[in-house]
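Visitor: I'd like a close look at the site around the ligand, please. Could you walk me through that part and then show me a little of the protein beyond it?

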Amino acid sequence: MKYDVAVIGSGPGGYVAAIRSAQLGMKTALIEKYPSLGGTCLNVGCIPSKALLDSSELYYNAKMRYAAHGIRVQGLDIDWPQMQRRKEKVIADTVAGIRFLMNKNGVDVLEGIGSFVKAGILAITRPDGGQERIEAAHTIIASGSKPASLPLITQGGDRIITSTDALALKKIPDRMIVIGGGAIGLELGSVYARLGTKVDVIEFMDSLIPTMDRTMGKELQRSLQKIGMTFYLSHRVQSVAEHGSEVEVVAENKAGERVKFAGDVCLVAVGRRPFTENLAPEKAGVALNERGFLEVNERLETRQPGVFAIGDVIGGAMLAHKAEEEGMFAAEVIAGQKPHINYRAIPVVVYTWPEVAGAGYTEEELKRDGRAYKTGVYSYKPLGRARAANESEGVVKVLADRATDELLGVHMFGARVADMIAEAVVALEFHASAEDIGRIVHAHPTFTEAFREACLMASDNRAIHA
Ligand code: FAD
Ligand code: NAD
């Protein structure tokens, strides 16, 4: 078969690239080694983790927070197999949706492992071992990523687990050690903490979610401590080993002391690595950098003309919506269009409760760049809506250029900020000033009023409810 575009990998990068290519009139194939489409995000990432976050949050609220609303709950219990079944159904329904979209857009889905024979020729090894070859004028590599491990972990056992394992544990553990205080460690750690697990998080840096604005890490830490999670920052892990029915982690703290942790399981959540196994990129003249990511230029094209790469496998923010955007971008470049991605305006969200969201520059980045800026900070406490919802834990921080008032970064911690950050992204895209947002009517009573008030604060120190 001959295709205009062959996409390798059906994650959010790949399936979106396939749809956009088909929309633009190109004959498109999508190659995926698993029968289930959707990649990491749908099968073992965004979607199952959010399903468990939502279920565990409902349980936690019923147990700890309903009483304040005057709701008594008796006989509250966790049906873990049902929680898992619901998660599986959410995955299955979402995956089925991708299959539907492929059919609707006339994309040929080829099941098997795709590898380059040379640029323009791909071999697909089917699950039954059979092989077929296709020709493709253009290829988009979207082969994604896998969990990274630590070089000091040499032992493989049931108790040293990845995020994939943590989404499907047979039982709720009594004690969980989490290595890494990033998105996965905190989202999945908080799932289990809400369900009653004692969760210890060991983080190498001196802050949680260290790539986000520092204020957010501090707020989140304080909040997660309240649900019983314990944090060990500035701790360097030295060993991780299974001893019978336990896993033991030894770490060194800032003072150089050895600290021992014992758990039923240890979730290693220290980032993800690019995945290019079996792809044979070298046969197509595609280069990898020293960290194993595929190298691309500003057109997302590899060294080999006609071969593009997108999503986690090229590095940058390892986020589903970044991969999706790059999928559309690559398809449009192939079709001769001139698309654009504003990487500064890609929102980052952590789906703990309260949530954390940010877009644009962090305060640390502005300081590092020597940029003159001003801040506006507004807490959820005075918000009527927050009080009504019993969700007064929250803060919105805006960073604006000191001279022009242009918004440079927006960082939020609190209920519903995962959705609220969208307004900040629009503002950044349109180069809005803090005053612009301050002059826009925001519905009352909503959490969004906090963003407006923070902008009023930044533009002229004139928040109304402060
Ligand atoms: P992937 O989704 O990894 O897909 C790659 C696909 O390519 C896979 O299906 C793989 O089987 C296939 N493949 C690889 N090689 C071949 C080959 N040679 N032949 C055929 N097929 C191949 N991001 C967010 O934005 N929001 C979240 O809430 C979020 N939550 C997450 C939670 C967890 C627990 C994890 C692990 C990740 C989460 N992420 C989240 C990150 C997100 O899942 C990734 O950024 C995203 O899936 C990357 O998309 P991708 O298309 O680049 O690659
Ligand atoms: P991460 O990069 O977000 O966090 C890893 C954390 O581990 C960092 O804080 C890092 O300092 C720490 N760390 C690294 N080595 C360590 C060590 N030896 N000891 C202690 N701590 C160590 O990675 P992740 O949480 O594994 O997530 C992987 C990817 O998936 C990320 O790119 C993330 O953006 C993405 N993801 C996104 C979401 C979301 O958007 N909500 C959710 C889950 C995952």
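Guide: Here is a walk through the ligand's surroundings, followed by a strand and then a loop residue.

Please keep in mind that this is a predicted model. Let's begin with the shell. Ligand 1 is surrounded by 38 residues, and the closest of them are E32, T40, K50, G114 and A320. Sorted by class, this shell holds 16 nonpolar, 17 polar and five charged residues.

Which atoms lie opposite the oxygen atoms of ligand 1? On the side-chain side, E32 has a polar atom 2.6 Å from an oxygen atom of the ligand. The backbone takes part as well: a polar backbone atom of A320 is 2.8 Å from an oxygen atom of ligand 1, and for L319 a backbone N or O atom lies 3.2 Å from a ligand oxygen. As for cover, ligand 1 on its own has 1000 Å² of accessible area, and the protein covers 95% of that.

It helps to see where the shell comes from along the chain. At least two shell residues each are supplied by α1 (12-23), β2 (28-32), α2 (39-44), α3 (46-64), β4 (113-118) and α8 (320-334). The element that gives the most is α2, with four residues.

Now let's turn to strand β15, residues 265-268. In a regular strand, side chains alternate between the two faces of the sheet. In β15, V265 and L267 point one way while C266 and V268 point the other way, and all are buried. Which strands pair with it? One is β8 (residues 160-161), which pairs with β15 in the parallel sense over two bridges; here I161 has L267 as its bridge partner. Another is β9 (residues 175-179), which runs parallel to β15 and is joined to it by four bridges. In that pairing, I179 is matched with V268.

The last stop is S234, which sits in the loop between β11 (230-232) and β12 (236-243). Is this loop residue buried or exposed? S234 counts as buried because its relative accessibility is 16%, and the cut-off for buried is under 20%. Leaving aside neighbours within four places in sequence, S234 is in contact with E203, F204, M205, D206, E252, N253 and K254. For a sense of distance, K198 is 36 residues from S234 in sequence, and their C-alpha atoms are 20 Å apart in space.

Notes:
Residues are numbered from 1 along each chain as its sequence is written. Chains are lettered from A and ligands numbered from 1 in the order in which they are written. This is a predicted model: local features need pLDDT of at least 70, side-chain atom pairs count only at pLDDT 80 or more; totals for chains, interfaces and linings use all residues. Side-chain values use heavy atoms; hydrogens and water are left out. A residue is near a molecule or strand if one of its heavy atoms lies within 4 Å of it. A polar contact is a pair of N or O atoms within 3.5 Å; within protein, one must be able to donate a hydrogen and the other to accept it, and residues adjacent in sequence count only if both atoms are side-chain atoms. Accessible areas come from the Shrake-Rupley method with a 1.4 Å probe; for residues, only the protein chains shown count as cover. Ala, Val, Leu, Ile, Met, Phe, Trp, Tyr, Cys and Pro count as nonpolar, Asp, Glu, Lys and Arg as charged, and the others, Gly among them, as polar. Buried means under 20% relative accessible area, exposed over 50%, partly exposed in between (1.4 Å probe, protein chains only). Two strands pair if DSSP finds at least two bridges between them. Contact means heavy atoms within 4.5 Å.
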